[in-house]
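Biologist: I've got a chain up on the screen and a handful of things I'd like to ask about it. Could you walk me through them?

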Amino acid sequence: MTSLVENIISLENEAEDIIEKARAGSKEIIRSVDDEITRYRDHLTGELETRLAHFRTEAENKFEETVAEASKEHERRIRSVRELPDSFAALQIERILDRFNNW
């Protein structure tokens, strides 16, 4: 009878050891998964920041190009207005005055 009780106690102790090892293993798996999630999140964050920086650079370059083109066009038009002869301005003023006087 003692050996049967000892066998049962021994089996219970073995079962407790197995359960403890399983718990420790599951905690390690959870810790490992948490670490992997953190690494993946960090990787995605870095990738997103890289993409945003690239997009920002492209947008700034496009903006600078657009401003440069608009400035060139503005300068070209200002130059063309300045190059008009004085007689052209006088003629346009006369046409405007004539239009107002004939209403």
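What follows is a round of questions and answers, from the whole chain down to single residues.

Biologist: Before I get carried away, what sort of model is this?
Modeller: Keep one thing in mind while we talk. Local features here need a pLDDT of at least 70, because the model is predicted.

Biologist: How many helices and how many strands are there in the chain?
Modeller: Helix α1 takes in residues 2–82. Strands don't feature at all, as their count is zero, while the helices number two.

Biologist: What radius of gyration does the chain have, set against a compact globule of 103 residues?
Modeller: Start with the C-alpha trace, which spans about 130 × 30 × 5 Å along its principal axes. A compact globule of 103 residues would come out near 13 Å. For the chain, the radius of gyration is 42 Å.

Biologist: Can you give me a feel for that with one pair: what separates the C-alpha atoms of T57 and N102?
Modeller: T57 sits in helix α1, and its relative accessible area of 41% makes it partly exposed. Along the chain, T57 and N102 are 45 residues apart. Between their C-alpha atoms the separation is 57 Å.

Biologist: What share of the residues counts as buried?
Modeller: To be buried, a residue needs under 20% relative accessible area. The accessible surface of the chain adds up to about 10000 Å², with 58% of it belonging to carbon and sulfur atoms. Out of the 103 residues, the buried share is 0%.

Biologist: Now charges: how far apart do the centres of the positive and negative sets lie?
Modeller: On the positive side there are 16 side chains, and on the negative side 24. Take the centre of each set, and the two lie apart by 11 Å.

Biologist: Which residues gather in a patch of negative charge on the surface?
Modeller: One of them, E12, is found in helix α1. A patch residue needs over 30% relative accessible area and no salt bridge; E12 has 47%, so it counts as partly exposed. The full set is E12, E14, E16 and D17.

Biologist: And which residues form a nonpolar patch on the surface?
Modeller: I29 is a good place to look, since its relative accessible area is 56% and it is therefore exposed. I29 belongs to helix α1. The patch has about 260 Å² of accessible area together, and its members are I29, V33 and I37.

Biologist: How many salt bridges does the count come to?
Modeller: The test is a side-chain nitrogen of Lys or Arg within 4 Å of a carboxyl oxygen of Asp or Glu. By this rule, the count is four.

Biologist: Which residue forms a salt bridge with E20?
Modeller: E20 is partly exposed at 46% relative accessibility. Its partner also lies in helix α1, three residues away, or about one turn of the helix. The closest N and O atoms are 3.2 Å apart, and the partner is R23.

Biologist: Why are R31 and E28 separated by about one helical turn?
Modeller: Both are partly exposed, R31 at 46% and E28 at 44%. They form a salt bridge, with the closest N and O atoms 3.1 Å apart. As for the turn, it's because within helix α1 the two are three residues apart.

Biologist: Which residues are joined into one network by salt bridges that share partners?
Modeller: Look at R76 and E73, which form a salt bridge with their closest N and O atoms 2.5 Å apart. R76 counts as partly exposed at 43% relative accessibility, and E73 does too, at 30%. Shared partners link the salt bridges here into one network made of E73, R76 and R77.

Conventions: Residues are numbered from 1 along each chain as its sequence is written. This is a predicted model: local features need pLDDT of at least 70, side-chain atom pairs count only at pLDDT 80 or more; totals for chains, interfaces and linings use all residues. Side-chain values use heavy atoms; hydrogens and water are left out. Patches are made of residues with over 30% relative accessible area and no salt bridge: like charges are joined within 9 Å, nonpolar side chains (Val, Leu, Ile, Met, Phe, Trp, Tyr) within 5 Å. Accessible areas come from the Shrake-Rupley method with a 1.4 Å probe; for residues, only the protein chains shown count as cover. Helices (H or I, at least four residues) and strands (E, at least two) are DSSP runs, numbered from the N terminus. Buried means under 20% relative accessible area, exposed over 50%, partly exposed in between (1.4 Å probe, protein chains only). Lys and Arg count as positive and Asp and Glu as negative; His and the chain ends are not counted. The place of a charge is taken as NZ of Lys, CZ of Arg, CG of Asp or CD of Glu. The radius of gyration is taken over C-alpha atoms; the globule rule is 2.2 Å times the number of residues to the power 0.38.
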